[in-house]
Amino acid sequence: MHGIVIKNTGSWYTVKTDDGPVIESKIKGNFRLKGIRSTNPVAVGDGVEIAVNPEGTAFITAIDDRRNYIIRKSQNLSKQSHILAANLDQAFLVVTVAHPETSTTFIDRFLASAEAYSVPVVLVFNKTDLLSDDERHYQSMMVNLYETVGYDCRQVSAVTGEGIDALTALLKDKVTLLSGNSGVGKSSLLNRFIPDADARVAEISDAHDTGVHTTTFSEMMALPQGGYVIDTPGVKGFGTFDMRPEEIGSYFKEIFRFSKDCRFNNCTHTHEPGCAVRRAVEEHYIAESRYQSYLSMLQDMDESKYREAF
């Protein structure tokens, strides 16, 4: 029997079968995907084959080939990965310039990973209602930076409803991953998209101005207008996984464009003479923050490197 994984609680997978019924399923201990060292060999969004047991549960016996996925390095096991979701039409990366502040390093790492696996990303700048004049100016600069690179950016407020209708329109008939740091308002946005979702919303910690985890597992939910949203736990860090150093530049759109003019085909854009990318950084055609994110990803090959901040 075939179905799609719509929820993952760690030990159980909820599978919505093609025929309609929803069946709680498990994977056998020896079930692993070839070539992927993952803490979750099956992810929300995966198409799977299941064998139903007499008691009404099932075993997952096979997984369909994935169209794409979003993957990051497992925070606990540096040589393993964690797949956030599979078979996506797009991802909404929810960010905030304050309360709490999302780092550009985190944004760039997510965007590069999405580029690597062909997942279009919309950057959703939430909590615009809370911004001071200076913070609003900084957000405008951030939006200008990422729109110049080539990303769709939306400025919204889940509280006041600013920009929500236009954002909701992008969801129709698509499978969309909702991701971001804890505390950026993913649950509040989800409640806007699906009014009866009743997603729990936590207060931001006053002491640290950082997010409190409210979603503890990944789940795919149907949208009223058609399509699905995959809600995921807040991501504290985003260590990149299984990227060769020579590939990383191609996942930064502007670095890839300028790299064509480098003197050497295998230029790492770190020290080589005639590097068009470093010249573009010096001349402000490439943002310094983006270049620094690129350099930090080059260092991910060092397994002993501390990655908690990413």
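Phe 258 is partly exposed at 25% relative accessibility, where buried means under 20% relative accessible area, exposed over 50% and partly exposed in between (1.4 Å probe, protein chains only). The model is a predicted one, in which local features need pLDDT of at least 70 and side-chain atom pairs count only at pLDDT 80 or more, while totals for chains, interfaces and linings use all residues. Residues are numbered from 1 along each chain as its sequence is written, and side-chain values use heavy atoms, with hydrogens and water left out.

**Aromatic pairs**

The structure holds five aromatic pairs. Rings of Phe, Tyr and Trp (its six-membered ring) pair if their centres lie within 6.5 Å; planes under 30 degrees apart count as stacked, over 60 as edge-to-face and the rest as tilted. One of the five joins Phe 252 and Tyr 294, which are edge-to-face, with 6.0 Å centre to centre and 85° between the planes. Phe 252 is in the loop between helix 5 (245-248) and helix 6 (253-259), and Tyr 294 is in helix 8 (residues 288-298), so this pair links distant parts of the chain, 42 residues apart. Helices here (H or I, at least four residues) and strands (E, at least two) are DSSP runs, numbered from the N terminus. Phe 252 is buried, with a relative accessible area of 0%, and Tyr 294 is buried as well, at 1%.

Phe 258 and Tyr 285 form a tilted pair, because their ring centres are 6.2 Å apart and their planes stand at 35°. Phe 258 lies in helix 6 and Tyr 285 in the loop between helix 7 (276-282) and helix 8, so the pair ties together parts that are 27 residues apart in sequence. Tyr 285 counts as exposed, at 57% relative accessibility. Ring pairs also link Phe 252, Tyr 291 and Tyr 294 into a cluster.

**Salt bridges**

A search of the whole structure finds nine salt bridges, each a side-chain nitrogen of Lys or Arg within 4 Å of a carboxyl oxygen of Asp or Glu. Three of them are listed here, including the N to O distance.

| Acid | Base | N to O distance |
|---|---|---|
| Asp 46 | Arg 66 | 2.6 Å |
| Asp 89 | Arg 67 | 3.4 Å |
| Glu 254 | Arg 290 | 2.7 Å |

Glu 254 lies in helix 6 and Arg 290 in helix 8, so their salt bridge ties together parts that are 36 residues apart in sequence. Glu 254 is buried at 3% relative accessibility, and Arg 290 is buried at 1%. Salt bridges that share partners join Asp 108, Glu 254 and Arg 290 into one network.

In the pair of Asp 46 and Arg 66, Asp 46 is buried with a relative accessible area of 0%, and Arg 66 is buried with 18%. Arg 67 is exposed at 52%, whereas Asp 89 is partly exposed at 30%.

**Charges over rings**

A charge sits over a ring if NZ of Lys or CZ of Arg is within 6 Å of the ring centre and within 35 degrees of the ring normal. Arg 66 lies over the face of Tyr 69, 5.6 Å from the ring centre. Lys 253 lies over the face of Tyr 151, at 4.1 Å.

**Helix 4**

In helix 4 (residues 186-193), the buried residues are Lys 186, Ser 187, Leu 189, Leu 190 and Phe 193.
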